[in-house]
Amino acid sequence: MNLDGETNLKLKQALEVTSSLNEEDLKDFRATIKCEDPNANLYSFVGTMEFEEQQHPLSPQQLLLRDSKLRNTDHIYGAVIFTGHDTKVIQNSTEPPSKRSKIEKKMDKIVYLLFGVLFLMAFVGSVYFGVVTKNDSDRSWYLKPDDANVFFDPKRATFAAMFHFLTALLLYSYLIPISLYVSIEIVKVLQSIFINQDVNMYYEETDKPARTRTSNLNEELGQVDTILSDKTGTLTCNSMEFIKCSIAGIAYGYGVTEVEKTMAKRKGSPYNSSQIRSTVKGFNFDDERIVNGNWVNGPRSDVVEKFFRLLAICHTAIPDIDENTGKVTYEAESPDEAAFVIAAKELGFEFFKRTQTSVHVNELCPVIGESVKRSYKLLNIIEFNSSRKRMSVIVRDEEGNLLLLCKGADSVMFERLAENGREYETETREHVNEYADAGLRTLVLAYRKLGEQEYNLFEEKFLEAKNSVSVDRGALIDEVTEEIEKDLILLGATAVEDKLQQGVPECIDKLAQAGIKIWVLTGDKMETAINIGYACSLLRQGMKQITITLDKPEITALEKTGDNDVIAKASKQSVVRQIIEGKTQVDDLNSEALALIIDGKSLAYALDEDVKKLFLELAIGCASVICCRSSPKQKALVTRLVKEGTKKITLAIGDGANDVGMLQEADIGIGISGVEGMQAVMSSDIAIAQFRFLERLLLVHGHWCYRRISSMICYFFYKNVTFGFTVFLYEAAASFSGQPAYNDWFLSLYNVFFTSLPVIAMGVFDQDVSATYCLKFPLLYQEGMQNVLFSWRRIIGWMLNGVCSAVIIFFLCVKTLSPQGFNKQGKIAEYQILGATMYTCVVWVVNCQMALAISYFTLIQHVFIWGGVAAWYLFLLAYGEMPPKISTTGYRVFVETLAPTPFFYLVTVFVVVSALVPYFAYKAVQMRFFPMYHGMIQWIRYEGKIEDPGYCEIVRQRSIRPTTVGLTARSLARTSPLKDKNQRNR
């Protein structure tokens, strides 16, 4: 189903009363459908169908959304419920959040500043012109002011000044880089293409490259301060493997998880596991007491039988039988559900067929020791949701027994056990906690037998609740199911492993070295999240942990009273107290690395308006933050809090529909095209296939894009200020008469032909250091975090450089060309010659400035830079050959005046060198004595010290943020704790 972005198959069924109808029956088919009003919810549908004077409830199982694909079904007959603007696709068609990079917003402010400068220059010139026109008419006798219409008429000096102001606005308008916006869009699109084409971010297993879904945020990839990451499917594979289980209080499964290996290494006793991995995807279980039917002869074989039978029946998976091989595969709504069905199959309970009303299983019979086919009549499916945290089915077996089979989270299952169903509760609880410590996802399995009268009563209430067409239909259904999902008999618990993705610890280590803070927002239990944190090096041995939880005796005691107001008040007070205590620890141990871990209940209170600021202050002071049991809404709220509270760039990364909120809330949303479908990808700004690609995306492409865009904008302002101020200075020398220094076509083509392509090439190709060094020295990324390349100091510096260049060009050209003779005939340089010479110097200076500014020359850049200069000479030659009516002041100025005169070339060389000397001197001093991060790395490469650990450590010590998480921090803490502490104090 493409509308919700998920790729897994979903079970869709017709109502039982209509499933047998054929084409002939449909001619006389009459029914009335009543349903909810049109809404955007893809996962719920409330309606009823009145057929043959009976009400039949309609659910999402009977609703097909747009672009659904049919599998295991030849054809269907249906009725259209919603059309046009009432359809789910239109209801969900909201405008995506508008995201603009901070650099673009800052660029707007610079343009406003230049507009202010433009108006100031025009105003000053107009006032001066008005005063001169009124008071100095005698000195301007040659202009015949008495015969003038408005200009130079002393009687109408005010009007003359006003008209001059308008003229000046047009004349100085070249200060405003209008073409900058077009150039930036071109550059960003080309940058996005390079990101998409990066083979180092291509995942061959799924044939998925990186995809930039918007080019607006390229440069922000180089300025990320905080990453907020989902866990399941993002840090882990979301490819579940059944690895352990607890049945009748006995733990089964010898498998060793990645988390257990990491924990063992942390304790100094690494596992030497010789476990042989299963070749069956989703099944990595190894225990001779269970496999190959050995459970038949083991203890409590009756419980084992019920346990695996429950796994084979209690699900919504769909079997798919290969007609050629007879092999059964499964399509399930979630990877863990598929793992359960596969485990049941491998251990003797093969689910092989599902119909509208039945489930068929090949079961290993403990009596005869052979597989027998059994069918179970499927009466009801009570589906899983995030509030219920459990799923149940009610079936009737071949002996006529009514069974309720239930699986769910331990937090809701243990409280539903009957008094006589708690025989294995203590052992199972211990095993569940052990599994959670090992980083495994757990579910508790239980069942009960139902009486006919009890079931009939339930069915009546359940049908009534399902037939309700109201907003509280879900609450009514939950109320009915609460009455029957109780007095359960415990069977055991399952444990599936969601392995870390390849390269996650190394990626987190690099990002931590770059100074990026990493938060994990997950729906898992606290123990599971903590151990995953250790496995991926977000946490390490010796790191102090601040844990905020409401799992405390006093809160538990209050919850039993049922007074919600009292519970809420006490819970909030407890959370606030724990946050304050945590802040005290942060203040007292400011040289130590701290980790903050908070559960979902506590987070709900921590995000209250009067508490969230305090919570954020605590979180910012910690090296790692892990939010457990977080709902999708909480993920989005935490992301908003970090974004708005820190005023820095936040990046959210996730793979599922529950991550959409935080992806859209963050400055940058990264979607992982994983097992949970494509909904996160469709809501993201950039899509990648694996978390480890984030390292290259940020440290390489992010750094390059930030540097390129920043340098490009600064250079653009430089070249426009250089050009604009030569026009202004000539105006000033001409008493602000409105006479332009350059020909009209010279003015128009400056930003189009002679200086535009080099700046685009800079934005696309420039590299201060190679990708290898970007990854070797993650410290380089901190230039973007500190925004040193686009600070106001740097921007104003480039503008002043432009003013300096303009002053040097103008005054040197004026002083060298007048009043002496310009050529052998003794003719002086008139304003046409002066303008052409000044323009030539400007073109040379700004293009040579580009050559000095870039760090990485390619053939394209050489062609664009020197081609821009050559284009000016070719244009001047061709334009000068046009008739005087067209070429005006440019008529044969190059052929007859400039080209034959050696003095023209001498002036050009002298002025260009003089204009570039200030920038060259500044860069030489800065590079030698005050190098920036990239300058230091360039020096390391130049001096051949790239492999010198001592020199590299000196560079690392300039980090704005100590490396407190990741493999590097773990190594430093283990080898030299004092050194690590001193580094943090620094």
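Histidine 360 is buried in this predicted model, with a relative accessible area of 18%. That value is under the 20% cut-off for buried residues, so histidine 360 falls in the buried class. The residue sits in strand 11, which runs over residues 358-364. Within that strand, the side chain of histidine 360 makes a polar contact with the side chain of serine 358, at 3.0 Å. Setting aside neighbours within four places in sequence, histidine 360 is in contact with Glu350, Phe351, Phe352, Lys353 and Thr355, and also with Arg374 and Ser375.

A second buried side chain worth a visit is that of glutamine 782, whose relative accessible area is 0%. Glutamine 782 belongs to helix 25, which covers residues 782-785. A polar atom of the glutamine 782 side chain lies 3.4 Å from the backbone oxygen of alanine 514.

Stepping back to the whole chain, the protein has 986 residues, of which 53% count as buried. Its secondary structure comprises 35 helices and 23 strands. Among contacts with a separation of 6 or more, 73% are between residues 24 or more positions apart.

Helix 15 offers a handy example of helix geometry. It spans residues 564-588, 25 residues in total, and reaches 36 Å from its first C-alpha to its last. That distance is close to the 36 Å expected at 1.5 Å a residue. The buried residues of helix 15 are Ile567, Ala570, Ser571, Ser574, Val575, Gln578, Ile579, Gly582 and Val586.

Attention can now turn to internal space. Rolling a probe the size of a water molecule over the atoms shows where empty space is left. The structure holds one cavity of 30 Å³ or more, and the largest cavity has a volume of about 40 Å³. Its lining is made up of Thr257, Glu258, Val259, Ala438, Gly439, Glu497, Asp498, Lys499, Leu500 and Ile532. Two elements, helix 5 (258-266) and strand 16 (489-500), give two or more residues to this lining. Strand 16 supplies the largest share, with four residues. By class, the lining of the largest cavity has four nonpolar, four charged and two polar residues.

The backbone also deserves a look. Most residues other than glycine have a negative phi, and most peptide bonds are trans. Aspartate 207 has a positive phi of about 55°, although it is not a glycine. This aspartate lies in the loop between helix 4 (178-196) and strand 4 (211-212). Aspartate 207 counts as exposed, because its relative accessibility is 53%, and the exposed class begins over 50%.

Phenylalanine 736 likewise is not a glycine and has a positive phi, here of about 50°. The loop that holds phenylalanine 736 runs between helix 21 (693-733) and helix 22 (744-754). With a relative accessibility of 7%, phenylalanine 736 counts as buried. The two loop residues thus sit in opposite classes of accessibility: aspartate 207 is exposed, whereas phenylalanine 736 is buried.

Technical notes: Residues are numbered from 1 along each chain as its sequence is written. This is a predicted model: local features need pLDDT of at least 70, side-chain atom pairs count only at pLDDT 80 or more; totals for chains, interfaces and linings use all residues. Side-chain values use heavy atoms; hydrogens and water are left out. Buried means under 20% relative accessible area, exposed over 50%, partly exposed in between (1.4 Å probe, protein chains only). A polar contact is a pair of N or O atoms within 3.5 Å; within protein, one must be able to donate a hydrogen and the other to accept it, and residues adjacent in sequence count only if both atoms are side-chain atoms. Contact means heavy atoms within 4.5 Å. On a 1 Å grid over the protein atoms alone, a cavity is a set of points where a 1.4 Å probe fits but cannot get out, and a pocket is an open set with protein on both sides within 12 Å along at least five of seven lines; lining residues have an atom within 4 Å of a point. Grid points are joined across faces, edges and corners, and a volume is the space filled by probe spheres set on the points. Ala, Val, Leu, Ile, Met, Phe, Trp, Tyr, Cys and Pro count as nonpolar, Asp, Glu, Lys and Arg as charged, and the others, Gly among them, as polar. The expected span of a helix is 1.5 Å times one less than its number of residues.
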